[in-house]
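Hi,

Here is the structure I promised to send over. Have a look at it first, and then read on for my notes.

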Amino acid sequence: MTATNTYHRPSWSAIVLAAVVICATLGSRDLALGEDLSPAVRRLAEYKLEPTTESLRGYLASLQPTPERQQQLRELINQLDDPVFARREEATRQILRQMGGVAPLLAEAIRGDNAEIRWRAKTILEQTDRESRSLLGAVFSAIQERKVAGLSAPLLAVLPLCGDEHLRQQLRRALGVTAGPADASFLRQQLAAADPQARLAAIVALAAVMGQEADADAILLLSDASEEVQATAARELANHGRREALPVLVRLLESSETAIRTRAIQTLRSLTGKHFEYTVYALPDQRRQAVAAWKEWLAADAMTAPLAFPLKDVAISLGRMLVCDHTQNLLVEYDTAGKMIWEAKVGTQPWACQGLPNGHRLVGSYQEKSLVEFDARGQQVWTFAGLPGGPTSVQRLESGNTLVACTEGGTVVEIDPANKIVWQATLEGRPVDARRLEDGSTLVTLQNAQKVVELDALGKQTWEISGVGQAFSAERLENGNTLVCAIGHNKVREFDRAGRVVWERGAFVNPYSAQRLPSGNTLVVDTTGVIEIDQQGTVVNRLARASLSRAWRY
């Protein structure tokens, strides 16, 4: 998706395409693209990079050119207006080969008076931004997948280039894998870095490497100037059952930042099991009662209440988005930069998909009444044929079973890995979406009945909200509310348990599905493509592609 979010660092667009210079310097061997490689490693191989410490250290170092190289870049930018066309083209090619440090210089050139230089500088930035973010994300993923050690310092050095939260998340995961006990001293030094993102990344990595030995470091960060660092340190402490985190988490429920409130309430709920009807995006006056309940609990019970730890992992973003194209019969995957990184031809009319935490992809083909699971490398690892109806939703459960809404068959089924249907419920009203909830009940969207229902383990209805229109998806949120997307209704709505609309946003064209993201934003599929909106309804990302039926950010 094309990012339009506001967190930008001026040097970001500097990461560009041509890694040929690095490859020649490192003398890295070619990786045959026909080998059994993950998408990230295949991406590296396109630029003759290897998932090794030596190769990736060289790439990361190249993102920060020396002063001498910066002067050469200034000269090349001036050459963009050379009277000789061939020299202008050669200057363009050389700038494109530079993978860091050139963006501020190009930005300066774009603001200049020379029309030719302005045009060429702008073109270079536009051409390189998406590709370069994709490549850097692939580097982070490859470090994690291959457990490439020894890159702690190079990773933190390029953190300022990551102006996109998905990239920062990928970098933090890579840092947690590449760091070892020998890096503890370096990571502790980073806890005093000026950049809060560096402090945040360092405490996450330090906790991953040192475990409870990092608790003392995390306690110091509970009073950090950055609320994001506070929330992260509190979560690391909560993961070890340290009650020092509780007052900070409760205080952060009153943060002015939605993302901070979201992180705090996710940690508190996971740790304590309490809810108190707190809604992260509600106005301060509307949150006040729930916050007061949390403060009362903190004063009365926090020091003695049972805590559940280690924390149950919240959804981990891999920085990918999976979409079904039901007219071209394709399952397509995009990275955080909106670049297509993988696709597969699937059965006729794919109308269900889910990306899994291990990088696998599930897809259901409506016409063929079948399911396919692809692994991270794109190989089929599981199939199921002969569903009682065309699938319009699919969910992999913690048990390894798969829950499917079989629309025309009027059923929801649960299938085990051995392809046996182990649970089934028959419903009238055209079930188009099914989600298994934490308490074991099943949330089902009934399009023709215009309602969303809950079923118990015996298939008996225990709850419903009606009059929601031609609903096509429903998701139970952390706060207990239900996010509903209905065809013919131009807004995505959130209902409380009593069926009241407590939030609605958007101006969509026949929306099919909606997914609430960990950031608090909402991802929506309509007839124009995929749209991400923030809590105020502002569009922050968009992928223009017609004929999509479902999307899944993971």
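How many aromatic pairs does the structure hold? There are six of them. Before I go further, please keep in mind that this is a predicted model.

**Aromatic rings and charges**

One of the pairs is Trp294 with Trp297: the ring centres are 5.8 Å apart and the planes meet at 80 degrees, so this pair is edge-to-face. Both tryptophans belong to helix H16 (residues 284–301), where they are three residues apart, about one turn of the helix. Are they buried or exposed? Trp294 is buried, with a relative accessible area of 0%, and Trp297 is buried as well, at 4%. Phe276 joins in too, since ring pairs link Phe276, Trp294 and Trp297 into a cluster.

Two other tryptophans have an arginine over the ring. Arg396 lies over the face of Trp382, 5.6 Å from the ring centre. In the other case, the charged end of Arg476 sits over the ring of Trp463, at 5.0 Å from its centre.

**Helix H15**

Next, have a look at H15 (residues 258–272), the helix that holds Thr262. H15 has 15 residues and spans 21 Å from its first C-alpha to its last, close to the 21 Å expected at 1.5 Å a residue. Of those 15 residues, 12 are buried, so H15 is largely enclosed by the rest of the structure. The buried residues include Ile260, Ala264, Ile265, Leu268 and Leu271, but also Arg261, Gln266 and Arg269. What covers them? Helix H13 (227–238), helix H14 (245–252) and H16 are among the elements that cover the buried residues of H15. H16 is also the helix that carries Trp294 and Trp297.

Thr262 itself counts as buried, at 7% relative accessibility. Leaving out residues up to four places away in sequence, Thr262 touches Val280 and Pro518. Just after H15 comes Gly273, which takes a positive phi of about 80 degrees.

**Two open sheets**

I also went through two sheets. One is an open sheet of four strands in the order S4-S3-S2-S25, with antiparallel pairing. Which strands stand at the edges? They are S4 (340–345) and S25 (548–553); each has a single partner strand, so one side of each is left without a neighbour in the sheet. On average, neighbouring strands of this sheet are turned by 15 degrees against each other, direction ignored. Strand S2 (residues 320–325) pairs with S25 in the antiparallel sense over four bridges. You can find your way there from Leu322, which stands opposite Trp552 in S25.

The other is also an open sheet of four strands, in the order S13-S14-S15-S16, and its pairing is antiparallel. Here S13 (431–436) and S16 (461–466) stand at the edges; each has a single partner strand, so one side of each lacks a neighbour in the sheet. The twist from one strand to the next averages 20 degrees. S13 and strand S14 (residues 442–446) run antiparallel and are joined by five bridges. Arg436 stands opposite Thr442 in S14.

That's it from me for now. Shout if anything is unclear.

Cheers

Technical notes:
Residues numbered from 1 in each chain as written. Predicted model: local features only at pLDDT ≥ 70, side-chain atom pairs only at ≥ 80, totals over all residues. Heavy atoms only, no water. Pairing = 2+ DSSP bridges. Axes fitted to C-alpha atoms, helices over the stretch in contact; angles between N-to-C directions. Phe/Tyr/Trp six-rings, centres within 6.5 Å; stacked < 30°, edge-to-face > 60°. Buried < 20%, exposed > 50% of the residue type's maximum accessible area, 1.4 Å probe, protein only. Lys NZ or Arg CZ within 6 Å of the ring centre and 35° of its normal. Contact = heavy atoms within 4.5 Å. Expected span 1.5 Å × (residues − 1).
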